[in-house]
Amino acid sequence: MRCEEIMKGDVCTASRDATVQEAARLMVDEDIGFLPVIDGSGKVVGTITDRDITVRLVAQGLPADSIRVHQVMTNNVVSCKRSDDLALAQELMKESKVSRILVLDDRGSPAGVISLGDLAERQDEGAARSTLREVKEGVSLTH
């Protein structure tokens with residue numbers, strides 16, 4: 001199975017220069033906890049999660065209305081391409097200990113997102129549990 005067959009399209013993004021408050025508002029409005037961060041050309045330069053906001057901003061007592069997304073985002077983008085085999089996405093999630101992976105188009109712009117939940121819906125129960133366990137074992141409080 002290819003990544004494009006399981007990914008969720010219509011990806012909401014945040015500009016690297018948006019305020020964290022704007023990104024958080026978008027997360028609330030769209031009921032999501034993950035946003036790819038893009039530059040002016042639409043290329044992905046990072047990601048920001050509700051956890052990034054909590055750990056890197058709220059816990060530090062920083063003002064969400066004046067801190068920019070690029071100041072608290074995760075710079076390491078874990079991604080695959082639309083045509084990649086789903087097994088690659090799963091392996092990247094395990095290796096990087098992330099619960100979501102970006103699917104990029106040929107220009108480096110976001111085409112979709114694959115989550116652990118998406119994998120669980122498509123795989124047998126044992127494989128899904130194994131991936132979840134491996135990802136969760138590597139999650140720390142400091143990213």
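Which residue in E3 is the bridge partner of proline 36? The bridge partner is threonine 47, and the views below show its surroundings in a predicted model.

**View 1. Overall fold of the predicted model.**
The secondary structure consists of six helices and six strands. In sequence order these elements follow the pattern β-α-β-β-α-α-β-α-β-β-α-α. The protein has 143 residues, and 41% of them count as buried. Among contacts with a separation of 6 or more, 57% are between residues 24 or more positions apart. The accessible surface amounts to about 7900 Å², and carbon and sulfur atoms contribute 46% of that area.

**View 2. Strand E2 and its two faces.**
Strand E2 covers residues 34-38 and is mostly covered, with five of its five residues buried. In a regular strand, side chains alternate between the two faces of the sheet. On one side of E2 are Phe34, Pro36 and Ile38. On the other side are Leu35 and Val37. The residues named on both sides are all buried, so each face of E2 is covered by the under 20% relative accessible area criterion.

**View 3. Pairing of E2 with strand E1.**
Strand E1, residues 14-15, pairs with E2 in the parallel sense. Two bridges join E1 and E2. Serine 15 stands opposite isoleucine 38 of E2. Isoleucine 38 is also one of the buried residues of E2.

**View 4. Pairing of E2 with strand E3 and the hairpin between them.**
Strand E3 spans residues 44-49 and runs antiparallel to E2. Five bridges connect E2 and E3. One of the pairs is proline 36 with threonine 47 in E3. The hairpin of E2 and E3 has five residues between the strands. Within this hairpin, glycine 42 takes a positive phi near 90 degrees.

**View 5. Lysine 43 in the loop between E2 and E3.**
Is lysine 43 buried or exposed? Lysine 43 has a relative accessible area of 43%. Buried requires under 20% and exposed over 50%, so a value in between counts as partly exposed. Lysine 43 is therefore partly exposed. Leaving aside residues up to four places away in sequence, lysine 43 touches Val37 and Ile38, and also Arg107, Gly108 and Ser109. Val37 and Ile38 are buried residues of E2. The C-alpha atoms of lysine 43 and leucine 104 are separated by 9.2 Å, although these residues are 61 residues apart along the chain.

Methods:
Residues numbered from 1 in each chain as written. Predicted model: local features only at pLDDT ≥ 70, side-chain atom pairs only at ≥ 80, totals over all residues. Heavy atoms only, no water. Buried < 20%, exposed > 50% of the residue type's maximum accessible area, 1.4 Å probe, protein only. Helix = DSSP H or I, 4+ residues; strand = E, 2+ residues; numbered from the N terminus. Pairing = 2+ DSSP bridges. Contact = heavy atoms within 4.5 Å. Areas by Shrake-Rupley, 256 points an atom, 1.4 Å probe, with all protein chains shown as cover.
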